[in-house]
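Subject: Structure handover

Hello,

Here is the structure for you to look at. My notes on it follow below.

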Amino acid sequence: MSVRAMVLGLFFALFWSSAFTSARVIVAHAPPLASLSLRFLVSGVIGVALAWALGESWRLTAGQRRATIIFGICQNALYLGLFFVAMQWIEAGLASIMASTMPLIVAVANRVIFKERLAPMAVLGLGLGFGGVIIIMSSRISGGADPFGLMLCVIGTLALAVATLSARGASSGGNVLMVVGLQMLVGAVCLALASLVLEDWWVDMTTPLVVAFVYTTLVPGLLATWIWFTLVNEVGAIRASVFHFLNPFFGVLVAALVLGEAIGLNDMIGVAVVAAGILMVQLSKAQKVAAA
């Protein structure tokens with residue numbers, strides 16, 4: 001893996017993980033689905049405009065069109081929509097840990113659905129990863145974490161896994177920034193419809209809300225998504241996913257630094273175990289690809 005790819009992966013993990021902290025701020029001052037819809041509308045328009053200015057085409061391949069719709073619905077509307085709603089009741093650090101289990105779920109899906117054989121390292125990694133989640137969850141639930149919020153995070157993580165499985169089709173064929181912008185617009189439409197039905201619209205206009213919204217829109221929303229698709233296009237989805245092992249660390253660290261969220265001993269142990277499990281699963285996949 002090149003130095004450029006490693007740098008992209010590190011920044012992706014940091015930006016992606018920081019989104020939970022800024023989202024926690026947003027949902028304290030505005031309705032979650034409406035806020036997220038507006039974020040995707042702004043990010044999508046900027047992305048499409050930049051893509052057009054850079055000479056990218058509206059004409060997507062059939063695989064790109066299919067993956068863009070799936071990605072827009074599963075990641076932007078379902079995964080992030082459910083997590084935004086859940087973070088009205090659960091902390092940003094816990095939400096980031098839940099979302100970080102996505103590579104583990106993808107590995108299980110590949111085994112169950114596509115009959116992909118798992119190496120011993122991957123099996124051990126899955127056991128460690130889910131074991132770490134149990135350590136964290138047991139501690140947080142006994143500490144009063146909201147079960148409904150946790151359930152929404154579980155469903156959202158499953159949707160993220162589906163979106164990840166579709167990412168290869170979206171990144172091949174060029175027009176990466178155009179794909180990023182269009183899948184955000186798909187999410188914006190879905191979330192706007194859900195907000196009209198499910199939410200009362202209100203806004204507590206404050207400086208933290210404005211800063212968090214602008215940051216979430218431009219950095220995790222637009223920049224991190226572009227980095228992800230670029231990384232997948234350069235090194236493949238399997239090698240790119242290795243960087244997900246950093247997400248539990250960054251997610252908990254940013255939430256602690258910015259929001260002052262407490263980190264208990266069980267959290268530290270669980271995060272380390274989850275990260276180790278994710279790393280083992282992804283390295284096992286990378287080794288399999290290298291040997292092929």
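Helix α12 (residues 247-259) gives the largest share of the lining of the second largest cavity, three residues. Please keep in mind that this is a predicted model.

**The cavities**

Let me stay with that second largest cavity for a moment. Its volume is about 30 Å³. Its lining is made up of E91, G93, R140, V252, A255, A256, E261, A262 and I263. By class, that lining holds five nonpolar residues, one polar and three charged.

How many cavities of 30 Å³ or more does the whole structure have? The search finds two. The largest has a volume of about 260 Å³. It is lined by 25 residues, and W16, Q75, Y79, L80 and T225 are the closest to its centre. Several helices take part. Two or more lining residues come from each of α1 (3-27), α2 (32-53), α3 (62-86), α7 (147-165) and α10 (207-235). Which of them gives the most to the lining of the largest cavity? That is α3, with seven residues. The lining of the largest cavity divides into 18 nonpolar residues, six polar and one charged.

A word on how such spaces are found. Rolling a probe the size of a water molecule over the atoms shows where empty space is left.

**A pocket**

Next, the second largest pocket. About 250 Å³ of space lies in it. There are 13 lining residues, and those closest to the centre are A30, S35, L38, V203 and F213. Helices α2 and α10 are the elements that give two or more residues to this lining. By class, the lining of the second largest pocket has twelve nonpolar residues, one polar and no charged ones.

**Aromatic rings**

The count comes to eight aromatic pairs. Ring pairs join F12, W16, F20, Y79, F83 and W228 into a cluster. Two names here should look familiar: W16 and Y79 are also among the residues closest to the centre of the largest cavity.

**Four residues to look at**

*T217.* You will find T217 in helix α10. Is T217 buried or exposed? It counts as buried, because its relative accessibility is 2%, under the 20% cut-off. A polar atom of its side chain lies 2.7 Å from the backbone oxygen of F213. F213 is also one of the residues closest to the centre of the second largest pocket. Leaving out residues up to four places away in sequence, T217 touches R39, V42, S43 and L222.

*T101.* This residue sits in the loop between α4 (92-100) and α5 (102-112). T101 has 6% relative accessibility, so it counts as buried. Which backbone oxygen lies 2.7 Å from a polar atom of the side chain of T101? It is the backbone oxygen of M98. Not counting residues up to four places away in sequence, T101 touches V133 and T157.

*L177.* Helix α9 holds L177. With a relative accessibility of 8%, L177 counts as buried. Beyond its neighbours within four places in sequence, L177 is in contact with G47, L50, A51, L54, E56 and W226. For a distance check, take L177 and A212. They are 35 residues apart along the chain, and their C-alpha atoms are separated by 23 Å.

*A194.* Helix α9 (residues 176-198) also contains A194. Why does A194 count as partly exposed? Its relative accessibility is 26%, and partly exposed covers the range between under 20% and over 50%. Leaving aside neighbours within four places in sequence, A194 is in contact with L33 and E199. A194 and A34 are 160 residues apart in sequence, with 8.4 Å from C-alpha to C-alpha.

**Where to start**

Start with the largest cavity, at about 260 Å³. Then turn to the ring cluster of F12, W16, F20, Y79, F83 and W228. After that, go to T217 and its 2.7 Å approach to the backbone oxygen of F213. Finish with T101 in its loop between α4 and α5.

Best wishes

Technical notes
Residues are numbered from 1 along each chain as its sequence is written. This is a predicted model: local features need pLDDT of at least 70, side-chain atom pairs count only at pLDDT 80 or more; totals for chains, interfaces and linings use all residues. Side-chain values use heavy atoms; hydrogens and water are left out. Helices (H or I, at least four residues) and strands (E, at least two) are DSSP runs, numbered from the N terminus. Buried means under 20% relative accessible area, exposed over 50%, partly exposed in between (1.4 Å probe, protein chains only). A polar contact is a pair of N or O atoms within 3.5 Å; within protein, one must be able to donate a hydrogen and the other to accept it, and residues adjacent in sequence count only if both atoms are side-chain atoms. Contact means heavy atoms within 4.5 Å. On a 1 Å grid over the protein atoms alone, a cavity is a set of points where a 1.4 Å probe fits but cannot get out, and a pocket is an open set with protein on both sides within 12 Å along at least five of seven lines; lining residues have an atom within 4 Å of a point. Grid points are joined across faces, edges and corners, and a volume is the space filled by probe spheres set on the points. Ala, Val, Leu, Ile, Met, Phe, Trp, Tyr, Cys and Pro count as nonpolar, Asp, Glu, Lys and Arg as charged, and the others, Gly among them, as polar. Rings of Phe, Tyr and Trp (its six-membered ring) pair if their centres lie within 6.5 Å; planes under 30 degrees apart count as stacked, over 60 as edge-to-face and the rest as tilted.
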